[in-house]
Amino acid sequence: MNSSLGFEDDMDEKILILAHTEPNGSLGKAALDAIETGRALDGSLAVGLVGEKAQPPRGVPFVYVVEGAEFAQSRYASDAAAAEALCR
């Protein structure tokens, strides 16, 4: 995609999937489906996980984790703080 911003055709798309873990640290069906879709796209895939504990998925080149008791229950304030930490 060439544009006035200087992007080139061979530039990889960066795909970041943020998911909240299940109570046991695993990923639910929706999160696993999103990761499979991300794998199918032509780009650089990274997964960010938020929860009390996390079991990173296999076969994903970049996995970022924010875990702890304060992230066990999905809430806007803790999810926003976790997303900010993952993006840094």
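Buried, in this tour, means under 20% relative accessible area, exposed means over 50%, and partly exposed lies in between (1.4 Å probe, protein chains only). By that rule, buried residues account for 30% of the 88 residues in the chain. The model is predicted, so local features need pLDDT of at least 70 and side-chain atom pairs count only at pLDDT 80 or more, while totals for chains, interfaces and linings use all residues. Residues are numbered from 1 along each chain as its sequence is written, and side-chain values use heavy atoms, with hydrogens and water left out.

**Whole chain**

Start with the chain in cartoon view. It has two helices and three strands, in the order β-α-β-β-α along the sequence. Helices (H or I, at least four residues) and strands (E, at least two) are DSSP runs, numbered from the N terminus. Contact here means heavy atoms within 4.5 Å. Among contacts in the chain between residues at least 6 apart in sequence, 43% join residues at least 24 apart.

Switch to a surface. The accessible surface of the chain is about 6100 Å², and 54% of that belongs to carbon and sulfur atoms. Areas come from the Shrake-Rupley method with a 1.4 Å probe; for residues, only the protein chains shown count as cover.

**Helix α1**

Select residues 29–40. This is helix α1, with twelve residues and 17 Å from its first C-alpha to its last, close to the 16 Å expected at 1.5 Å a residue. The expected span is 1.5 Å times one less than the number of residues.

Which residues of α1 are buried? They are Ala31, Ile35 and Gly38. Seen down the axis of α1, these buried residues fall within an arc of 60 degrees, so they line one face of the helix. The arc is that of the directions from the helix axis to the C-beta atoms. Add residues 13–20 and 43–51 to the selection: the buried residues of α1 pack against these strands, β1 and β2. On the face turned away from the buried side, α1 carries the exposed residues Lys29, Ala30 and Ala40.

**Salt bridges on α1**

Stay on α1 and show side chains. A salt bridge is a side-chain nitrogen of Lys or Arg within 4 Å of a carboxyl oxygen of Asp or Glu. How many salt bridges does a search of the whole structure find? It finds two.

For one of them, select Lys29 and Asp33, whose closest N and O atoms are 2.9 Å apart. The residues Asp33 and Lys29 are four apart in helix α1, and therefore separated by about one helical turn. Lys29 is exposed at 60% relative accessible area, whereas Asp33 is partly exposed at 37%.

Next, select Glu36 and Arg39. Their salt bridge has its closest N and O atoms 2.3 Å apart. Both residues lie in helix α1, three residues apart, about one turn of the helix. Glu36 is partly exposed, with a relative accessible area of 44%, and Arg39 is partly exposed at 33%.

**Thr21**

Move to the loop between β1 and α1, where Thr21 is found. Is Thr21 buried or exposed? Thr21 is buried, with a relative accessible area of 7%. A polar atom of the Thr21 side chain lies 3.1 Å from the backbone oxygen of Lys53. Leaving aside neighbours within four places in sequence, Thr21 is in contact with residues including Ser26, Leu27, Leu49, Lys53 and Ala54.

**Leu49**

From Thr21, go to Leu49 in strand β2. Leu49 is buried, at 0% relative accessibility. Measure to Leu27, 22 residues away along the chain: the C-alpha atoms of the two are separated by 8.9 Å. Leaving aside neighbours within four places in sequence, the contacts of Leu49 include Ala19, Thr21, Leu27, Val63, Val65 and Leu86.

**Helix α2**

Finish with residues 76–87, helix α2. Its twelve residues should span 16 Å at 1.5 Å a residue, and its end C-alpha atoms are 16 Å apart, which agrees. In α2, the residues Ser78, Ala82 and Leu86 are buried. Viewed down the axis of α2, the buried residues fall within an arc of 75 degrees, so they line one face of the helix. Those buried residues pack against β1, β2 and β3 (62–67). Turn to the face away from the buried side to find the exposed residues Tyr76, Ala77 and Cys87.

Terms used:
A polar contact is a pair of N or O atoms within 3.5 Å; within protein, one must be able to donate a hydrogen and the other to accept it, and residues adjacent in sequence count only if both atoms are side-chain atoms.
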